[in-house]
Amino acid sequence: MRLQHGKDTQEVTDMQDIPETKTANEHPQTVQSVEPTSTSLPALMPRVVIVGAGFGGLNAAKALGDAPVQVTVIDRNNHHLFQPLLYQVATAVLSPADVSAPIRNVLSKQKNTEVLMSEVTGVDVENQRVLMKDREVPYDYLILATGARDSYFGHNDWAQFAPGLKSITQATGIRRKILLAFEVAEKEPDSEKRRALLTFVMVGAGPTGVEMSGAIGGLAHKTLIDDFRHINPKEARIVLVEALPRILPAFDEGLANKARQALNRLGVEVRTSSPVEAIDSEGVVVAGERIAAKTVIWTAGVAASPAGQWLGTETDRAGRVKVGSDVSVPDHPNIFVIGDTSSFTQDGKPLPGVAQVAMQQGNFVASLIAARAAGKPHPQTFR
Ligand SMILES: Cc1cc2nc3c(=O)[nH]c(=O)nc-3n(C[C@H](O)[C@H](O)[C@H](O)COP(=O)(O)OP(=O)(O)OC[C@H]3O[C@@H](n4cnc5c(N)ncnc54)[C@H](O)[C@@H]3O)c2cc1C
């Protein structure tokens, strides 16, 4: 895929399908050690390694641009991804280039910063090194900002039938599936098969499930309305299923009710208190009833990246690292875990996994590190 960026074009590679497997104990014996080699990075300044250039990591890197430190940003992709608009890529409203930006280009003006595209596989805490398949990078300060991944609640076999929506590869795969379903339905004489082709099921009625089902509703009821001769796109069946008694459980009930009404207007069938019991190539089983559907999208659960396993530290049930008041890992004042992969408790409640929290934590941790490097005082509590 080519990503337009001003006059330049840059190759974009999405490597999110590479499994995250290796831990510190498993890392290969023959690895290349990446000492601070760059001629442009001063060798004596503390080295800050940031893993993940999502909302948290990229913000931290930008905030360290003028700090007396050398920064290495590592991401398995070469692009920063604006996840909140992925559903628009999945429904053909936006192109991938509209929701991503090359990390290298974003940080190109920062002379103290280098970017490595690589999959991190672990952390050697004792020797202060970040581990990748073929290399290791030493750090004085480490910021882990590796986000979240889909969680199928122990049913990993469902992933092949119900992709999640966390990467460009997934979004374009879903887009292909949705558009092809309408195309194949147009040619399908069998009414039952046509019905299954035109049935779209979203599993999980959090923000992503609500946005996705609304967007498919818009596609079927507005965008495609005049484009077919043998099917009526309006007859597409869009089902949003949720195990809990209401949609958008993390939001105010009044707002959730309004969202439900808006979905109904777009022809979306909302089924609450309806746990999904099975997913296969023919559709889903919801609360004992089989719904034949050729497109099922997983919008239900996420778990943190394996950063907690890399560090061997305490995590919550979703695998998020429990961090202290300055967002550092207990007993490791130079290791910070921010954003979706961190569990930060404020006023007795964990902060939600949203972009603002990740960005603010990135800024806070960057200014804390910059102050420490400059020998200046800094507030020790993130708020
Ligand atoms: C479909 C969708 C819609 C959303 N809508 C909203 C919204 O409307 N509003 C809102 O506030 N939030 C929304 N969110 C949540 C928001 O996107 C996240 O809270 C935010 O991205 C978290 O930022 P982060 O920096 O922790 O992780 P991310 O932004 O996920 O970044 C993690 C980075 O780490 C990299 N990475 C992961 N593992 C490795 C590894 N092993 N090695 C190297 N690199 C690695 C990834 O490639 C990625 O670049 C949405 C999320 C999704 C998926």
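These legends describe close-up views of a predicted model.

**View 1. The whole chain sets the scene for the close-ups.**
The predicted protein has nine helices and 27 strands. Of its 383 residues, 44% are buried. Among contacts with a separation of 6 or more, 66% link residues 24 or more positions apart.

**View 2. A six-stranded open sheet.**
The strand order is E8-E5-E4-E12-E24-E23, and the pairing is mixed. Strand E8 (113–117) and strand E23 (328–329) are the edges. Each has a single partner strand, so one side of each lacks a neighbour in the sheet.

**View 3. Strand E12 and its two partners.**
Strand E12 covers residues 141–144. Strand E4 (residues 47–51) pairs with E12 in the parallel sense, over four bridges. Within that pairing, Val 48 has Tyr 141 of E12 as its bridge partner. Strand E24 (residues 332–337) also runs parallel to E12, joined by three bridges. Here Ile 143 has Phe 336 of E24 as its bridge partner. Leu 144 stands opposite Val 337 in E24.

**View 4. The two faces of E12.**
Both faces of this strand are covered. Tyr 141 and Ile 143 lie on one side. Leu 142 and Leu 144 lie on the other. All four residues are buried.

**View 5. Helix H1 against the sheet.**
Helix H1 spans residues 55–63. H1 lies across E4, E5, E8 and E12. Its direction makes an angle of about 155° with E4. The helix is mostly covered, with seven of its nine residues buried. These are Phe 55, Gly 56, Gly 57, Leu 58, Asn 59, Ala 60 and Ala 61.

**View 6. The shell around the ligand.**
The ligand has 34 residues around it. Gly 52, Gly 54, Gly 56, Gly 147 and Gly 339 come nearest. Five elements give two or more residues to this shell: helix H1, strand E5 (70–75), helix H2 (86–90), helix H6 (207–223) and helix H9 (355–373). Gly 56 is also one of the buried residues of H1.

**View 7. Make-up of the shell, by residue class and by domain.**
The shell holds 14 nonpolar, 14 polar and six charged residues. Domain 1 (15–150 + 302–374) and domain 2 (156–298) each supply at least three residues to the shell.

Conventions:
Residues are numbered from 1 along each chain as its sequence is written. This is a predicted model: local features need pLDDT of at least 70, side-chain atom pairs count only at pLDDT 80 or more; totals for chains, interfaces and linings use all residues. A residue is buried if 20 or more other C-beta atoms lie within 10 Å of its own, exposed if 12 or fewer, and partly exposed in between; C-beta atoms are placed from the backbone. Two residues are in contact if their C-beta atoms, placed from the backbone, lie within 7 Å. A residue is near a molecule or strand if its C-beta atom, placed from the backbone, lies within 6 Å of it. Ala, Val, Leu, Ile, Met, Phe, Trp, Tyr, Cys and Pro count as nonpolar, Asp, Glu, Lys and Arg as charged, and the others, Gly among them, as polar. Domain bounds come from an automatic or database domain assignment. Two strands pair if DSSP finds at least two bridges between them. Axes are lines fitted to C-alpha atoms, for helices over the stretch in contact, and angles run from 0 to 180 degrees between N-to-C directions.
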